[in-house]
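Here is a small set of exercises to work through with the structure open beside you. Try each task before you read its solution.

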Amino acid sequence: MLHKDARICTGREYQQVYQEGKRVAGKYIIIYYQKNRRPTNRFGIVTSKKVGHAVIRNRTKRQLREMARSAAEKIQGNYDIVVVARPSIKGCAYEIIEKDFLLLIKKARLC
RNA sequence: UAAGUAAGUCAGAUAGUCGCAGGUAAUUUUACCUGAGGAAAGUCGGAGCUCCGCAGGGCAGGGUGCUGGAUAACGUCCAGUGGGGGUGACCCCAAGGAAAGUGCCACAGAAACAAACCGCCUGCCCCAAUGGGUCAGGUAAGGAUGGAAAGGCGAGGUAAGAGCUCACCAGCGUUCAGGUGACUGAAUGGCUCGGUAAACCCCACCUGGAGCAAGACCAAAUAGAGGAACUUUGAAGCUGCCCGCUUCGUUCCCGGGUUAGGUCGCUAGAGGUGCCAGGUAACUGGCAUCCCAGAUAGAUGACUAUCAAAUACAGAACUCCGCUUAUAGAUUUACUUACUUU
RNA sequence: GGCCCCUUGGUCAAGCGGUCAAGACACCGCCCUUUCACGGCGGUAACGGGGGUUCGAGUCCCCCAGGGGUCA
């Protein structure tokens, strides 16, 4: 679990990012992002029931969290970032997802 | 050796680097400890706990259903009885009552709960007379139908037949013996009664409702269990109905809102492990010892090395006891059948 | 996390334990029409899965699977 200041907590904030933020889509994940008024970046990770049962959902959630943690230093500025897993992520290896993740960050010019 | 039956066990380990949650120290960022399962799953049964007036009355409803025991309780478990399956080890069974009553048993068949369609036999009569037919009666041995046809089969008996009589078998009642009991065994009697209760029902026993988003407390704030009056009509809750109970209610005055909270409940328990004792067993008792997740958008991940390989089903959200379902691979014990060798 | 409900042709659906499981729309063929549409006639096509009770289950009972609803 990331530190509480580096998380998006309430459902309202998620909705705000969905509606007002920008979006980039990859093969396995979708990233929504929006500038916030805080000093740091904040992450939110979403794995819906379409991805799979609880074990798969938890595993992908942890892997995405790990990516967000390792990439947090690279990202400039102060953004709210929501990472949504797509159903095709099921059963994919860590490196493949990480590749997709880094590509999307580059695309969104967050770093 | 092969095939199988039953009961189990494990569910990757070790080391290093970075990272997460809780706790304890110290104290301002560091150390140490702990950190998912045998099913955490399905939510099928039960219980603890909490609130509803501490558990209301009547009717209805629901559940369970061989016997004895275990348990906090159960639709669970253990041991037995009866029935069924398998060569066998062994497995399966919601298994009370159909002689309290009601319903249903399609099609077929004469008839499905009490039966004469064909047939068989007897008597009388008629005709075209070694035969055929009408009428009256006897008869459940034979035929056809069906899942099921009025105890089965053999012998005697008879006009033809029939438990009409007899032997054996099945079933029912009574007595005796054994067993706590389900039931079993023996003797004996009259001679015989369809199936279905996971159809209504009867009998016996059990059963209040909701569920941790239960519920309790605290602060803060723009915000109130605010003040006055009214009536028993109306609404909601207590599964349905009747009673009964509780809370809302309506009008006037002042003031507002559509959704930021936090703490407890929250983990020490019908707890685990070992030994001893009782019991066929489920289980119970005693002693010693251990503390073993507690988050709140929700903690276990990434990389490297070694072990031949690292893989199945699958992730705690108040807790526990069961049941059911999913499950790669490895492995232990006991037993059965078949074959081969000695 | 708790508590409930539903699964019948391609779709919407009815169905007392018993005849070949109604209907409607859709699809296919024929007729009608100069042609299309409308209309008429005919046809194809289904009880979520597995056990049990019963002579016989879409229906009764149990266990799964899938889908949906609801809560302060």
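**Exercise 1. The fold in outline**

Which pattern of helices and strands does chain A follow when read along the sequence? Work it out, and check how much confidence the model deserves.

*Solution.* Keep in mind that this is a predicted model.

- Step 1: count the elements. Chain A has three helices and four strands.
- Step 2: put them in sequence order. This gives α-β-β-β-α-β-α.
- Step 3: look at the confidence. The mean pLDDT of chain A is 77, and 88% of the residues score at least 70. Helix α1 (residues 11-20) has the lowest mean, 73, while β1 has the highest, 84. For the model as a whole, ipTM is 0.76 and pTM is 0.76.
- Step 4: a word of caution. Where pLDDT is low, the predicted coordinates should not be read in detail.

**Exercise 2. Assembling the sheet**

Determine the strand order in the sheet, and the sense of each pairing.

*Solution.* Let's go pair by pair.

- Step 1: β1 (residues 22-25) runs antiparallel to β2, with four bridges between them. A hairpin of three residues connects the two strands, and Ala25 sits opposite Ile30 of β2.
- Step 2: β2 and β4 are also paired in the antiparallel sense, over seven bridges. Ile29 has Ala85 of β4 as its bridge partner, and Ile30 has Val84 of β4.
- Step 3: β3 and β4 pair in the parallel sense, over five bridges. Here Phe43 stands opposite Ile81 of β4, and Ile45 is partnered by Val83 of β4.
- Step 4: combine the pairs. The result is an open, mixed sheet of four strands in the order β1-β2-β4-β3. Since β1 and β3 are at the edges with a single partner strand each, one side of each has no neighbour in the sheet. From one strand to the next, the twist averages 15 degrees.

**Exercise 3. Helices on the sheet**

Find which strands α2 and α3 touch or cross, and how the helices are oriented.

*Solution.* Take one helix at a time.

- Step 1: α2 lies across β2, β3 and β4, and runs at about 160 degrees to β3.
- Step 2: α3 packs on the sheet and touches β1, β2 and β4, with its direction at about 35 degrees to that of β2.

**Exercise 4. What is enclosed?**

Is β4 buried or exposed? Compare it with β2, then describe the nonpolar cores.

*Solution.* Start from the strands and move outwards.

- Step 1: seven of the seven residues of β4 are buried, so the strand is largely enclosed by the rest of the structure. Tyr79, Ile81, Val83 and Ala85 point one way, and Asp80, Val82 and Val84 point the other.
- Step 2: in β2, six of the seven residues are buried, so this strand is largely enclosed too. Across the 111 residues of chain A, 41% count as buried.
- Step 3: the largest nonpolar core holds 23 residues, and Ile31, Leu64, Ile81, Val83 and Phe101 have the most contacts inside it. At least two core residues come from each of β2, β3 (42-46), α2 (54-71), β4 and α3 (94-107).
- Step 4: a second core, separate from that one, has seven residues, including Ile8, Tyr14, Val17 and Val82.
- Step 5: zoom in on Ile31. Beyond its neighbours within four places in sequence, its contacts include Val24, Ile81, Val83, Phe101 and Leu104.
- Step 6: for a contrast, turn to Lys107 in helix α3. Lys107 is exposed, with a relative accessible area of 56%.

**Exercise 5. Classifying an aromatic pair**

How are the rings of Tyr33 and Tyr79 arranged, stacked or edge-to-face?

*Solution.* A pair of aromatic rings is described by the distance of the centres and the angle of the planes.

- Step 1: check the distance. Centres must lie within 6.5 Å, and one aromatic pair is counted.
- Step 2: check the angle. The centres of Tyr33 and Tyr79 are 6.2 Å apart and the planes meet at 70 degrees, so the pair is edge-to-face.
- Step 3: place the pair in the chain. Tyr33 belongs to β2 (residues 29-35) and Tyr79 to β4 (residues 79-85), 46 residues apart, so to speak a link between distant parts of the chain. Tyr33 and Tyr79 are both buried.

Terms used: Residues numbered from 1 in each chain as written. Chains lettered and ligands numbered in written order. Predicted model: local features only at pLDDT ≥ 70, side-chain atom pairs only at ≥ 80, totals over all residues. Heavy atoms only, no water. Phe/Tyr/Trp six-rings, centres within 6.5 Å; stacked < 30°, edge-to-face > 60°. Buried < 20%, exposed > 50% of the residue type's maximum accessible area, 1.4 Å probe, protein only. Core = buried A, V, L, I, M, F, W, Y, C linked by side-chain atoms within 4.5 Å. Contact = heavy atoms within 4.5 Å. Pairing = 2+ DSSP bridges. pLDDT = per-residue confidence, 0-100. Axes fitted to C-alpha atoms, helices over the stretch in contact; angles between N-to-C directions.
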